Amino acid sequence: GGGVSGFASILMYATGIPMGATYFVINVLLLIIGTKILGTGFGGKTIYAIVMTSIMLGIMPKIIPADFIHEFALSNGKLICTFLGGAIAGLGIGLSISQGGSTGGTDIVAMIVNNYKDVSLGKVMIICDAVIIASSYFLPIPEQFYVEGMDIVDFKIKRILYGLCMTVSYTA
């Protein structure tokens with residue numbers, strides 16, 4: 001995916017810096033900048049959204065069994081899972097933005113740009129995420145995904161296309 005988490009994972013694979021540390025530092029910096037530009041109400045609502053997202057990321061895997069997710073992905077294919085995941089992410093992002101906050105990351109960048117320019121939030125988010133996703137082409141394939149004899153270029157292009165599909169589905 002794109003956003004700050006995508007950027008953090010690219011940095012992790014390129015430099016070895018832990019993803020969690022990069023994600024946290026970038027989000028804190030963006031939150032400080034966003035709060036100064038967009039106001040303290042924005043900052044509080046964004047902190048709430050980030051905390052709730054963290055809590056739900058801990059709870060949901062316990063509620064929805066991994067077997068169900070794996071079976072769903074196998075029976076319905078990667079593309080439908082990509083769009084379904086994007087739709088769910090878009091719902092959360094939309095709820096946060098409609099209440100004057102954000103979910104952090106490139107949402108904040110989009111809201112800052114929108115504050116100064118008449119550009120939709122979705123366009124800014126798609127551009128940011130597309131650049132981040134496309135840059136993953138230059139990373140090596142993680143060892144756990146490599147299969148002997150695989151077409152590496154084909155794998156990388158498919159990975160980018162799935163990421164772009166998810167981005168378009170959650171910003172639509």
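This is a short tour of one protein model, from its overall fold down to a few single residues.

Hi everyone, and thanks for coming. One thing to keep in mind as we go: the model is predicted.

Let's begin with the fold. The protein has seven helices and zero strands, so if you read along the sequence you get α-α-α-α-α-α-α. How compact is the protein for its length? Its radius of gyration is 17 Å, close to the 16 Å from the globule rule for 172 residues, so the protein is as compact as a globular protein of that length. If you lay the C-alpha trace along its principal axes, it spans about 55 × 35 × 30 Å.

Some overall numbers help here. Of the 172 residues, 27% are buried. The accessible surface comes to about 10,700 Å², and carbon and sulfur atoms account for 72% of it. As for contacts with a separation of 6 or more, 59% of them join residues 24 or more positions apart.

Now let's go inside. In soluble globular proteins, nonpolar side chains tend to be buried together. Which residues make up the largest nonpolar core here? There are seven: V4, L30, L31, F42, I108, M111 and I112. Two elements, α2 (19-38) and α5 (106-116), each give two or more residues to this core, and α5 has the largest share, with three. There is also another core lying apart from that one, with five residues, among them I93, A110, M125 and Y170.

Let me stay with I108 for a moment. Leaving out residues up to four places away in sequence, I108 touches L30, L31, G34, F42, T46 and S102. Please find S102 on your screens, since S102 also turns up among the contacts of our next residue, S96.

S96 is in helix α4, which covers residues 66-98. Is S96 buried or exposed? Its relative accessibility is 15%, and the cut-off for buried is under 20%, so S96 counts as buried. With the same four-place neighbours left out, S96 touches A49, G101, S102 and T103.

Helix α4 also holds G85. G85 is partly exposed, with a relative accessible area of 26%. Between G85 and D151 there are 26 Å in space, C-alpha to C-alpha, and 66 residues in sequence.

Next, the aromatic residues. The structure holds one aromatic pair. How do the rings of Y137 and F138 meet? Their centres are 5.6 Å apart and their planes are at 85°, so this pair is edge-to-face. Y137 is partly exposed at 29% relative accessible area, whereas F138, at 69%, counts as exposed. Y137 has another partner too: the charged end of K156 sits over the Y137 ring, 5.3 Å from the ring centre.

My last stop is F145, in the loop between α6 (121-135) and α7 (152-171). F145 counts as partly exposed, at 45% relative accessibility. Beyond residues up to four places away in sequence, F145 touches M150 and F155. How far is F145 from L95? Their C-alpha atoms are separated by 34 Å, with their positions 50 residues apart along the chain.

To wrap up, please take home the seven helices, the seven-residue core with its largest share from α5, and the edge-to-face pair of Y137 and F138. Thanks for listening!

Note on methods:
Residues are numbered from 1 along each chain as its sequence is written. This is a predicted model: local features need pLDDT of at least 70, side-chain atom pairs count only at pLDDT 80 or more; totals for chains, interfaces and linings use all residues. Side-chain values use heavy atoms; hydrogens and water are left out. A nonpolar core is a set of buried Ala, Val, Leu, Ile, Met, Phe, Trp, Tyr and Cys residues joined through side-chain atoms within 4.5 Å. Buried means under 20% relative accessible area, exposed over 50%, partly exposed in between (1.4 Å probe, protein chains only). Helices (H or I, at least four residues) and strands (E, at least two) are DSSP runs, numbered from the N terminus. Contact means heavy atoms within 4.5 Å. Rings of Phe, Tyr and Trp (its six-membered ring) pair if their centres lie within 6.5 Å; planes under 30 degrees apart count as stacked, over 60 as edge-to-face and the rest as tilted. A charge sits over a ring if NZ of Lys or CZ of Arg is within 6 Å of the ring centre and within 35 degrees of the ring normal. The radius of gyration is taken over C-alpha atoms; the globule rule is 2.2 Å times the number of residues to the power 0.38. Accessible areas come from the Shrake-Rupley method with a 1.4 Å probe; for residues, only the protein chains shown count as cover.
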